[in-house]
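Grab a viewer and work through these exercises with the model open beside you. Try each task before you read its solution.

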Amino acid sequence: LNAYNEGEITGDYIVGGISGGTENNSTILNAYNEGEITGDHTIGGISGECSKGTIINGCYNFGNIEATNIDNNISTNAGGIVGFNDGAKGEGIVTNCYNVGTIKGLTANIGGIIGSNRGVLQNSYNIGTIENTGEKLGGIVGSNNRFVYEGQELIGKTTNSYCLENGSINAFGENTGIAGEECSTKTSSELKNLASTLGSAFKTDTNNINNGYPILSWQE
């Protein structure tokens with residue numbers, strides 16, 4: 001609750017600004033990262049991995065994210081909020097979050113909010129730039145997918161989430177999961193007027209904290 005990081009963090013894999021990985025029904029609430037996060041793979045502004053019933057709620061990232069992995073056999077899984085949102089043994093839930101930082105990587109699954117999603121994402125947006133020459137690049141999610149784990153089908157579910165138009169980058173790099181039709185790219189003016197659509201966790205940026213884009217209700 002109310003955690004933050006403003007320093008540079010460098011690691012190998014499962015690296016995040018607030019937590020490397022979260023699991024066992026834990027919660028990260030009202031937290032932010034402003035530091036640059038660098039790792040090989042599975043990295044995010046708030047958490048590298050979210051799994052086993054974890055909830056990440058009301059968080060934002062301003063820091064740049066860079067994944068250095070060059071092995072095409074290993075997905076980068078890098079996102080502005082979470083690198084890998086798992087669904088095994090309880091879905092990871094990412095809700096009421098936004099990303100501003102630039103996300104860089106070389107291989108697959110690079111997303112503005114989540115790199116690879118097999119859990120739940122809702123009520124979130126990204127205005128950060130994605131710089132990548134690999135595959136499965138999405139302004140919202142790199143790969144919103146289905147996967148069978150120990151006989152259980154894990155399905156990425158994304159609703160009420162958006163991203164700023166970014167050249168040829170679509171909202172999803174890959175979508176074999178479930179995504180609401182509302183999940184899409186937006187112009188700058190459209191996104192700046194999206195606070196009420198995102199829900200009560202957000203408010204209009206009247207004091208220009210985030211260049212006019214919606215901010216979280218707890219931000220001053």
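**Exercise 1. Where does N208 lie, and what is the sign of its phi?**

Step 1: N208 sits in the loop between strand 29 (202–203) and strand 30 (215–216). Strands here are DSSP runs of E with at least two residues, helices are runs of H or I with at least four, and both are numbered from the N terminus.

Step 2: N208 is not a glycine, yet its phi is positive, about 60 degrees. Most residues other than glycine have a negative phi.

Before going on, some ground rules: this is a predicted model, where local features need pLDDT of at least 70 and side-chain atom pairs count only at pLDDT 80 or more, while totals for chains, interfaces and linings use all residues. Residues are numbered from 1 along each chain as its sequence is written, and side-chain values use heavy atoms, with hydrogens and water left out.

**Exercise 2. Find the loop that holds N77, and decide whether N77 is buried or exposed.**

Step 1: Look between strand 12 (65–67) and strand 13 (78–79); N77 is in that loop.

Step 2: Check the backbone: phi of N77 is near 50 degrees, a positive value in a residue other than glycine.

Step 3: The relative accessible area of N77 is 11%, so N77 is buried. The cut-offs are under 20% for buried, over 50% for exposed and partly exposed in between, with a 1.4 Å probe and protein chains only.

**Exercise 3. Describe the surroundings of T107.**

Step 1: T107 belongs to the loop between strand 17 (103–105) and strand 18 (110–111).

Step 2: T107 counts as buried because its relative accessibility is 3%.

Step 3: Leave out residues up to four places away in sequence and list contacts (heavy atoms within 4.5 Å). The partners of T107 include N69, I70, D71, N72, N132 and L137.

Step 4: For contrast, try G87: G87 and T107 are 20 residues apart in sequence, and their C-alpha atoms are 22 Å apart.

**Exercise 4. Which residues does Y60 touch?**

Step 1: Start at strand 11 (residues 60–61), where Y60 is placed.

Step 2: Y60 has a relative accessible area of 6%, so it is buried.

Step 3: Not counting residues up to four places away in sequence, Y60 touches A31, Y32, N33, E34, I46, I81, Y98, L216, W218 and Q219.

Step 4: Pick out Y98 from that list. Y98 and Y60 are 38 residues apart along the chain, with 4.9 Å between their C-alpha atoms.

**Exercise 5. Why can strand 20 be called largely enclosed, and which strands pair with it?**

Step 1: In strand 20 (residues 120–126), 6 of the 7 residues are buried, so the strand is largely enclosed by the rest of the structure.

Step 2: Now for pairing, which needs at least two DSSP bridges between two strands. Strand 15 (residues 93–95) runs parallel to strand 20 and is joined to it by 3 bridges, with T95 partnered by Q122.

Step 3: Strand 16 (residues 98–99) also pairs with strand 20 in the parallel sense, over 2 bridges. Here Y98 stands opposite Y125.

Step 4: Strand 25 (residues 157–164) pairs with strand 20 over 6 bridges, again parallel. Y125 turns up once more, this time opposite Y162.

**Exercise 6. Write down the strand order of the open sheet of 5 strands, then name its edges.**

Step 1: The order is 2-7-12-17-21, and the pairing is parallel.

Step 2: The edge strands are strand 2 (9–10) and strand 21 (130–132), each pairing on one side only.

Step 3: Strand 2 is joined to strand 7 (residues 37–39) by 2 bridges, and I9 has I37 as its bridge partner.

**Exercise 7. How does the radius of gyration of the chain compare with the globule rule?**

Step 1: Count the elements: 2 helices and 30 strands.

Step 2: The radius of gyration is 15 Å, close to the 17 Å that the globule rule gives for 220 residues, so the chain is as compact as a globular protein of that length. The radius is taken over C-alpha atoms, and the rule is 2.2 Å times the number of residues to the power 0.38.

Step 3: For a burial check, 55% of the 220 residues count as buried.

Step 4: Among contacts between residues at least 6 apart in sequence, 73% join residues at least 24 apart.
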